[in-house]
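Colleague: I would like a close look at one part of this model. Please take the charged contacts, and put them in the setting of the whole chain.

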Amino acid sequence: MAEKPQPVRVLYCPICSFPPEYCEFGPDFEKCKPWLIQNTPDLYPNLAKEANDKEAAKAADQLQSLAVSCSDGATPSAGTPTSKQEEVKRLPGGKIKKKEVVIEKVVRNKRKCVTIVKGLELFGVKLSDASKKLGKKFATGASVVKGATEKEQIDVQGDISYDIVEFITETWPNVPETAIYFIEDGRKVPAT
């Protein structure tokens with residue numbers, strides 16, 4: 001008589017609830033890595049190697065920052081940043097987040113223009129109030145819309161791109177003229 005087959009016992013990741021073979025395709029692979037290294041090291045052998053390399057690099061960076069701050073004659077403290085680069089907010093991929101206002105003129109239907117203003121909210125300007133002021137100042141329609149990147153921007157009807165710089169700096173003094181840029185021919189050009 002043939003043996004009765006036994007049910008297969010499948011191990012599931014407690015973080016993403018996928019089998020460990022499919023964790024890398026889930027939304028939380030970075031969160032799953034410590035569990036995978038501990039429970040299934042044979043399945044992802046390169047993860048353990050990466051974790052050891054990262055720990056070694058982190059320890060080397062800490063030692064180097066301690067050595068740099070001690071060579072200056074100051075005592076190292078854990079709470080203060082060791083360089084100016086750490087004070088700047090970094091985005092994923094190592095990009096630095098800059099506070100800037102970008103003005104772009106888009107031509108539609110051959111003669112009609114729309115001026116797009118992006119980035120005013122980074123300076124604490126309420127976009128709904130800004131669109132009302134722009135509409136009144138230039139006697140055009142202005143509205144707050146979501147742009148292609150799902151961020152809110154102000155669309156103003158008409159070509160007001162060069163008059164708008166002076167208006168922005170006068171109306172909102174916390175927006176410096178050096179932080180205003182135009183997009184011309186696909187390039188970002190400073191307004192000053």
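**Salt bridges and their surroundings**

Modeller: Lys105 is partly exposed, with a relative accessible area of 40%. This is a predicted model. Lys105 is a good place to start, because its partner is also partly exposed: Asp159 has a relative accessible area of 43%. The two residues form a salt bridge, with the closest N and O atoms 3.5 Å apart. Lys105 sits in strand β1, while Asp159 sits in the loop between β4 (152-157) and α5, so this pair ties together parts that are 54 residues apart in sequence. The cut-off for a salt bridge is 4 Å, so 3.5 Å qualifies.

Now the wider count. The structure holds four salt bridges. Another of them joins the side chains of Lys188 and Glu100, at 2.5 Å from N to O. Lys188 belongs to strand β6 (residues 187-190), and Glu100 to the loop between α3 (84-87) and β1 (101-108), so the contact ties together parts that are 88 residues apart in sequence. Their exposure is as follows. Lys188 is partly exposed, at 46% relative accessible area. Glu100 is buried, at 17%.

A further bridge is found within a helix. The side chains of Lys33 and Glu30 meet at 3.2 Å, N to O. Both residues lie in helix α1 (residues 29-39), three residues apart, so about one helical turn separates them. Here the lysine is the buried partner: Lys33 has a relative accessible area of 13%. Glu30 is exposed, at 56%.

Next, charges outside the bridges. Asp163, Glu166, Glu170 and Glu177 form a negative surface patch. Asp163 belongs to helix α5, which covers residues 163-171. Residues in a salt bridge are left out of patches, so none of these four is a bridge partner.

There is a nonpolar patch too. Val8, Val10 and Tyr12 make a surface patch of about 330 Å². Val10 is in the segment before α1. Val10 counts as partly exposed, at 43% relative accessibility. That is over the 30% needed for a patch, so Val10 can be a member.

The cysteines deserve a check as well. A disulfide is a covalent bond between the sulfur atoms of two cysteines. The structure holds zero disulfides. Take Cys23. The closest cysteine sulfur to its own is in Cys16, 3.4 Å away, which is too far for a bond. Cys32 gives a similar reading: its closest cysteine sulfur is in Cys13, at 3.6 Å, again too far for a bond. The cut-off is 2.5 Å, so neither the Cys23 pair nor the Cys32 pair counts. Cys23 is buried, at 0% relative accessibility. Cys32 is buried as well, also at 0%.

Finally, the frame that carries these contacts. The chain has five helices and six strands. Along the sequence they follow the pattern α-α-α-β-β-α-β-β-α-β-β. The chain has 192 residues, of which 26% count as buried. Lys33, Glu100, Cys23 and Cys32 are among the buried ones.

Conventions:
Residues are numbered from 1 along each chain as its sequence is written. This is a predicted model: local features need pLDDT of at least 70, side-chain atom pairs count only at pLDDT 80 or more; totals for chains, interfaces and linings use all residues. Side-chain values use heavy atoms; hydrogens and water are left out. Patches are made of residues with over 30% relative accessible area and no salt bridge: like charges are joined within 9 Å, nonpolar side chains (Val, Leu, Ile, Met, Phe, Trp, Tyr) within 5 Å. Accessible areas come from the Shrake-Rupley method with a 1.4 Å probe; for residues, only the protein chains shown count as cover. Lys and Arg count as positive and Asp and Glu as negative; His and the chain ends are not counted. The place of a charge is taken as NZ of Lys, CZ of Arg, CG of Asp or CD of Glu. Helices (H or I, at least four residues) and strands (E, at least two) are DSSP runs, numbered from the N terminus. Buried means under 20% relative accessible area, exposed over 50%, partly exposed in between (1.4 Å probe, protein chains only).
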